[in-house]
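Let us look at the empty spaces inside a protein, and at the residues that surround them. Keep the model open beside the text as you read.

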Amino acid sequence: MTVSVEVPATVPDDASALAQPLKRGDACTVVIFGAAGDLAKRKLFPALFHLQCDGLLHGDFALVGVAREPMTDDAFRQLVYESARDADDPSPAGEIDDEAWARFAPRLSYVQGDLTASDTYAAIGRRLGDIEAAREHSDGRLFYLAIPPSLYAGTITHLEQSDVAERVNRRSARPWVRVVVEKPFGRDLGSAKALNRAVRKAFAEHQVYRIDHYLGKETVQNLMVFRFANSIFEPVWNRHHIHHVQITAAETVGVEHRAGYYEDAGVVRDMFQNHLLQLMCLTAMEPPVAFQADAVRDEKTKVLRAIRRFSAAEMHDYSVRGQYGPGVIKGTAVPGYRQEPDVAPDSDTPTWAALRFLVDNWRWEGVPFFLRSGKRMERRVTEIAVQFREPPHLMFQDHDKTMTPNVIAIRVQPDEGISLSFDIKVPGVGVRMTAAKMDFSYGEAFGAAAHSAYETLLLDCMVGDATLFTRGDAVEAAWEVVDPVIEAWDDKDPEHFPNYAAGSWGPAIADEFIARDGARWRQP
């Protein structure tokens, strides 16, 4: 049984005062390092162009692409045009707003160069000087590192030494300088600390935006509104009423062209240290004193520090890993991980993992948080499911004892929304119960998403709102949580790999793992 929730598509007249105006980016020049790469073409260029179409870029916005490939300004504009035309998020592929493009294209330029050479930064400085000379005032500079992680520290050092990007304080002539760093931020605690030292030597913390695109998704942002703006949920959001929490990020795809990276990273580095722990923090955090960057990030960091650490000897109680073998997904046979191109035939890299975390604080003591993620699973879905405890006493003596537990499920992707399951009486003589679900869908209520995650995050960078970005201390705290898992697995070869078929929900041993806490995995 499903109960649909209807939401008005427009704000009523009597509530128009509550509608917030859309923020608009500051006057700035965005410099994208790695402008010929996959991330820039698939996500960043389309996002910036869509912001242009929506009138959210400042009239003095400019974009400079930087990469090794030889390219003229016109060729770069064609690359950006094709990227925007072929994007499918959120506009349908093949559609371009010609008027918006006519305003956007003259703002684009390109600098060819090797990011390890100081001459490249001198050329960038000259190009920025030419752009800013045509303006009456000094603008902000936003540097986006869409490059391999191995180049982060060197690029940041070059930016500092070349004076292209300086540490900005109250006495600086320039209004702001910001640097956006993509994940992964380090590959373990030691490398994350080293990278943080390099960043802090060059820039103040408020200038650094560590980006996780999951946090730009509409439902992830709505999780805080759901929790803290609705008084019916906050009183039961604790150990007294919640039995456990499941956070799932399932993918149907394999490693595709990322085998070189994935063989070194594995599922924990790829998904847990960043995406899943961030979702857990938003679910478990205390109410911040204000919806402001440091207030929100303070509470998220407290959660990470409260997660119970466990030793290698206890690993069996807190983790399980897997690797996919051959299988069938949507009627198509797919190879196992060890048969993928560029993967070692005896690889021990986990492609699936489930971790059990306990948060040792007043609100969550004794409530397990189960985080799982895997490739080649039955369905692509990301979900946060909060399962409540059973009633302490059931007065209905003749009912079926296997009741469906009450669950609030927050769907992050692909069908963003929130559902609530509860038990009701079946009409008729006697007392028979069944499960019902109240479901809210963003797509049904509001239509297509107004902005993609990268649009939201890029705009936040341009206005200086760091709420949805990760702070340096939180990055290190997250590595402190997952490093023991990675190290323990590196020290002990896995048994029976591969141990789940592509197209399934993971290894069978995972069912036993979660059953120890009186729970079972959801199949979203």
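A cavity is a set of grid points where a 1.4 Å probe fits but cannot get out, whereas a pocket is an open set with protein on both sides. The model in front of you is a predicted one, and by this rule it holds 2 cavities of 30 Å³ or more.

The largest cavity has a volume of about 150 Å³, and among the 15 residues that line this cavity, Lys 183, Gln 273, Asn 274, Thr 470 and Val 475 are the closest to its centre. At least two lining residues come from each of strand S6 (177-182), strand S7 (208-211), helix H8 (259-284) and helix H13 (472-491). Sorted by class, the lining of the largest cavity consists of 7 nonpolar, 4 polar and 4 charged residues.

The second largest cavity encloses about 30 Å³ of space, and its lining is made up of Gln 278, Arg 297, Lys 300, Phe 469, Thr 470, Arg 471 and Ala 474. Of these residues, 2 are nonpolar, 2 are polar and 3 are charged.

Turning from cavities to pockets, we find about 770 Å³ of space in the second largest pocket. This pocket is lined by 31 residues, of which Gln 387, Thr 404, Pro 405, Val 407 and Arg 522 are the closest to its centre. Two or more residues of the lining are given by each of strand S15 (381-388), strand S16 (407-413), strand S17 (417-425) and strand S18 (433-441). By class, the lining of the second largest pocket contains 10 nonpolar, 9 polar and 12 charged residues.

Notes:
Residues are numbered from 1 along each chain as its sequence is written. This is a predicted model: local features need pLDDT of at least 70, side-chain atom pairs count only at pLDDT 80 or more; totals for chains, interfaces and linings use all residues. Side-chain values use heavy atoms; hydrogens and water are left out. On a 1 Å grid over the protein atoms alone, a cavity is a set of points where a 1.4 Å probe fits but cannot get out, and a pocket is an open set with protein on both sides within 12 Å along at least five of seven lines; lining residues have an atom within 4 Å of a point. Grid points are joined across faces, edges and corners, and a volume is the space filled by probe spheres set on the points. Helices (H or I, at least four residues) and strands (E, at least two) are DSSP runs, numbered from the N terminus. Ala, Val, Leu, Ile, Met, Phe, Trp, Tyr, Cys and Pro count as nonpolar, Asp, Glu, Lys and Arg as charged, and the others, Gly among them, as polar.
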